[in-house]
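The following exercises concern helix geometry and nonpolar packing. Each task is followed by a solution in steps.

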Amino acid sequence: MEELYEKADALFELENYTDCYNLLVDIEECHQVADVYWRLARCLYYKNHNEEKRPSKSQLKLVLTDIHRYAKTGVELDPKNSNCCVWYGIGVDELAGLDGVHERLKHSPVSHYYWTKAIELDPNNFLAHSELGIWYFIVSDVSEVIRKFETVFYTSPPIATYEESLASLLRCEELCPRHLIRNMLYLAKCYKALGQYDESLTFCKLVIEYQGSGYDVEEAKQEIRDMLPTL
């Protein structure tokens with residue numbers, strides 16, 4: 001199995017997501033184990049985000065439903081698998097996010113739980129730190145009107161601070177520097193929210209200079225271009 005994982009991981013690192021996914025599907029036919037399922041979720045996620053044009057909402061829902069299903073199966077098979085936990089959190093969060101900020105916040109305790117658990121199981125899981133940092137930022141950044149509206153659904157709506165967001169995002173950068181464009185994007189946004197404009201500009205520059213392909217890369221760069229005049 002390790003040899004097959006190494007082959008799949010090598011294809012993933014080469015961004016050959018189609019061959020990686022097909023190999024993992026073949027492996028899954030014979031081996032229904034947690035380490036196959038989180039890799040399937042990861043590969044499908046990156047395969048989708050590597051597309052040049054953002055898919056429609058209905059297309060995204062199909063992809064995210066599969067990602068959620070793969071990760072959920074992995075967590076059920078091995079609840080102590082850090083990678084399964086982080087990808088299940090992503091599946092829950094992004095699937096809910098398709099229906100807007102209210103749905104995302106309603107499901108946020110689940111994603112927060114699994115990202116926190118992923119870090120408890122593996123403190124060096126850089127993706128879990130990044131996702132948790134982004135979660136802290138989004139919860140911190142919701143407007144007061146939205147927060148008051150959320151009290152209709154919660155006894156106590158989720159609460160977070162920009163400082164918590166910054167700590168998690170920086171931990172991701174320590175573990176895996178300049179690797180995740182979303183992490184650098186949210187660092188730029190977080191530093192701006194904290195009034196630390198020089199630091200924000202540093203990460204704005206890193207996002208603009210990031211070498212990568214796919215609609216999420218271009219969207220991140222456009223978000224930075226729109227933000228730069230406000231710094």
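**Exercise 1.** In this predicted model, determine which exposed residues lie on the face of α1 turned away from its buried side, and where its buried residues lie around the axis.

*Solution.* Begin with the outer face: Glu2, Glu3, Glu6, Lys7 and Glu13 are the exposed residues that α1 carries on the face turned away from its buried side. Next, list the buried residues of α1, namely Tyr5, Ala8, Leu11 and Phe12. They cover an arc of only 125° around the axis, so they are on the same side of α1. This agrees with the general rule that residues three or four places apart point the same way, because an α-helix has 3.6 residues a turn. Finally, identify the partners: the buried residues of α1 pack against α2 and α3.

**Exercise 2.** Compare the expected span of α1 with the distance between its end C-alpha atoms.

*Solution.* Take the 12 residues of α1 at 1.5 Å a residue, which should span 16 Å. The end C-alpha atoms are 16 Å apart, in agreement with this value. Just after the helix, Glu15 adopts a positive phi of about 65°.

**Exercise 3.** Locate the largest nonpolar core relative to the domains.

*Solution.* The largest nonpolar core comprises 50 residues, and Cys20, Leu24, Leu40, Ile67, Tyr70, Val86 and Trp87 have the most contacts inside it. Its largest share, 9 residues, comes from α3. Since domain 1 (1-123) and domain 2 (129-230) both contribute residues, this core lies between them. A second, separate core has 21 residues, including Leu166, Met184, Cys190 and Val217.

Terms used
Residues are numbered from 1 along each chain as its sequence is written. This is a predicted model: local features need pLDDT of at least 70, side-chain atom pairs count only at pLDDT 80 or more; totals for chains, interfaces and linings use all residues. Side-chain values use heavy atoms; hydrogens and water are left out. A nonpolar core is a set of buried Ala, Val, Leu, Ile, Met, Phe, Trp, Tyr and Cys residues joined through side-chain atoms within 4.5 Å. Buried means under 20% relative accessible area, exposed over 50%, partly exposed in between (1.4 Å probe, protein chains only). Helices (H or I, at least four residues) and strands (E, at least two) are DSSP runs, numbered from the N terminus. Domain bounds come from an automatic or database domain assignment. The expected span of a helix is 1.5 Å times one less than its number of residues. The arc is that of the directions from the helix axis to the C-beta atoms. Contact means heavy atoms within 4.5 Å.
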